[in-house]
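Colleague: Please put the structure up, and then we can go through some questions on it.

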Protein chains: 2
Amino acid sequence: MPVVPRAWELVLRHIERELLDGKLLPGDHLPPERALATELGVGRSSVREAVRVLEGFGLIRTQTGSGPSAGAIIIATPQGGMSALMRLQVAAQGFPVADIVKTRLLLETQIVAGLADAAGPLDAAELLLAAMDDDALTPAEFLALDAQFHVALAEASGNQVVTAMMAGLREAVESYALAGLPAVADWGATLRRLRTEHHGIVAAITASDAAAASTLIHAHITGYYTETHPQETPPW
Amino acid sequence: MPVVPRAWELVLRHIERELLDGKLLPGDHLPPERALATELGVGRSSVREAVRVLEGFGLIRTQTGSGPSAGAIIIATPQGGMSALMRLQVAAQGFPVADIVKTRLLLETQIVAGLADAAGPLDAAELLLAAMDDDALTPAEFLALDAQFHVALAEASGNQVVTAMMAGLREAVESYALAGLPAVADWGATLRRLRTEHHGIVAAITASDAAAASTLIHAHITGYYTETHPQETPPW
DNA sequence: CAGACCACTGTGGTCTGACCACACAGTAGC
DNA sequence: GCTACTGTGTGGTCAGACCACAGTGGTCTG
């Protein structure tokens, strides 16, 4: 721990404390950067660095101009921050792809089982399901919708922490799915299989068959991974 | 999307690209801030804001002075960043405590089941287990060790993504556990129960009894939560 | 009087230049 | 040979200035 804490950390802690004390709520404005700087006795650049970290975490949104929508507003939408964090950690090789897949398996088997037991609204997922049945889609477009479909299942669970985690994994999942595309010998056959599996998963959920839903999504995820990584030993 | 991307986002994307291209690897130094600024044609303050975001994500570590250990070094340790993100999102009410607990249940039941099937080294967890048997511990100290114990189980699984997620949950878990402390009528009894449960979980893992380990840790987590939140309807 | 127009004001975004603290590297002195 | 010191390059911070932007409120024009 630094003996002299950096100025921007002081600003960060100050904002965190105001959040914990309930003085700042979602939707509120942060004080203007210049005011915060004089109030805390630091330079404006230090305030900006702290604000930048909060923006990176998806905690606030900044907007130039004037009026009610301008300034730094607390939004507390963790998905964006989680996505960026995961994407950069994968880029910096902090997260192996195998661990991403294993985490997907762990989360998603539980998510669909939970949905089967106490189903939430599956509208968003079913919409994506229909969109994926469009034959005009390119493989890349299909895989993008595919990744969104899996996030939609997490959203349907209503658990915001799990949703943020799946959203964070989404970009990583999409990129490795895309990277594996050349290894797919017969895309048409794979496409049909993926579609069938998706419909099967949703059917199992609506039928309240938790065990089947878990098994199906497990096979769905491992199936694509083994197809695109044939030479590797499966991580599970 | 802003038509004119902010300068610090440009810097961030540049660094991300170098990471993806393998030009920057863990352990490498980032170029000096001044050099990066002139290279990208932006001001040093913009570079600093991008660096600050990366530091917040736990991607780099900065150090003043000169020599090999000074400057910004890529470390790719996601736990710190994930912890900070979760802590702030909880503070900003982006994550309900009930969802934290549900996510713990989801992750940890799977983790211990995986450990029972293919056990990794439990040394760290067993060390914490022994430390928690010290009768001189205050409740707060015990709960801090308790939270570390659960993270240690995740670490033993070898899955870095799950470990980072559990590390992110740790502070949130510890704080709600601490907040619930006054609701515990007989701390001595609760302490004995928690200890017994911990030992039971490790025993089930070493006995390769996945089902028992899952059941025990489920009861362990829900038990403390219901004891400290008696009036609420359980979220599971 | 109604509408269009426009300067004003406060916000974040950026850059420049300066200075500090720090830690290592090389050198001068002993 | 060892010690002490100076030099150098790094991040950390600050102050000041300017820009772009978007509301606000007034003024002008029909």
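Colleague: At what distance from a phosphate oxygen of DNA strand C does a backbone N or O atom of E33(A) lie?
Modeller: The model is predicted. A polar contact needs a pair of N or O atoms within 3.5 Å. The pair formed by a backbone N or O atom of E33(A) and a phosphate oxygen of DNA strand C lies at 3.1 Å.

Colleague: Which elements give two or more residues to the surface near DNA strand C?
Modeller: In chain A they are α2 (33–40), α3 (44–56) and β1 (60–63). Chain B adds α1 (7–20) and α3 (44–56).

Colleague: How far is a polar backbone atom of G43(B) from a phosphate oxygen of DNA strand C?
Modeller: G43(B) is among the residues that come nearest to DNA strand C, together with R44(A), R48(A), A7(B) and S46(B). R6(B) also reaches a phosphate oxygen of the strand, with a polar side-chain atom at 3.1 Å. For the polar backbone atom of G43(B), the distance to a phosphate oxygen is 2.7 Å.

Colleague: What share of the atoms of DNA strand C within 4 Å of the protein belongs to sugar or phosphate?
Modeller: By class, the residues on the protein surface near the strand are four nonpolar, 15 polar and eight charged. On the DNA side, bases make up the rest of the atoms within 4 Å once sugar and phosphate are counted, and the sugar or phosphate share is 63%.

Colleague: How many salt bridges does the rule find across the interface of chain A and chain B?
Modeller: The contact takes 51 residues from chain A and 52 residues from chain B. About 4600 Å² is buried between the chains, and carbon and sulfur atoms give 67% of that area. One salt bridge joins the side chains of R6(A) and E55(B), at 2.5 Å from N to O. Across the interface of chain A and chain B, the number of salt bridges is eight.

Colleague: Which element gives the most to the side of chain A that touches chain B?
Modeller: Elements that each supply at least two residues to this side are α1 (7–20), α3, α4 (78–91), α5 (97–117) and α8 (160–179) of chain A. The largest contribution is ten residues, and it comes from α4(A).

Colleague: Why does H220(B) count as buried?
Modeller: H220(B) sits in helix α10 (residues 210–228) of chain B. Beyond residues up to four places away in sequence, H220(B) touches D146(B), H150(B), L194(B), E197(B), H198(B) and I201(B). Buried means under 20% relative accessible area. H220(B) counts as buried because its relative accessibility is 3%.

Key. Residues are numbered from 1 along each chain as its sequence is written. Chains are lettered from A and ligands numbered from 1 in the order in which they are written. This is a predicted model: local features need pLDDT of at least 70, side-chain atom pairs count only at pLDDT 80 or more; totals for chains, interfaces and linings use all residues. Side-chain values use heavy atoms; hydrogens and water are left out. Helices (H or I, at least four residues) and strands (E, at least two) are DSSP runs, numbered from the N terminus. Buried means under 20% relative accessible area, exposed over 50%, partly exposed in between (1.4 Å probe, protein chains only). Contact means heavy atoms within 4.5 Å. A residue is near a molecule or strand if one of its heavy atoms lies within 4 Å of it. A polar contact is a pair of N or O atoms within 3.5 Å; within protein, one must be able to donate a hydrogen and the other to accept it, and residues adjacent in sequence count only if both atoms are side-chain atoms. Ala, Val, Leu, Ile, Met, Phe, Trp, Tyr, Cys and Pro count as nonpolar, Asp, Glu, Lys and Arg as charged, and the others, Gly among them, as polar. Buried area is the accessible area (1.4 Å probe) that two parts lose on being put together, summed over both. A salt bridge is a side-chain nitrogen of Lys or Arg within 4 Å of a carboxyl oxygen of Asp or Glu.
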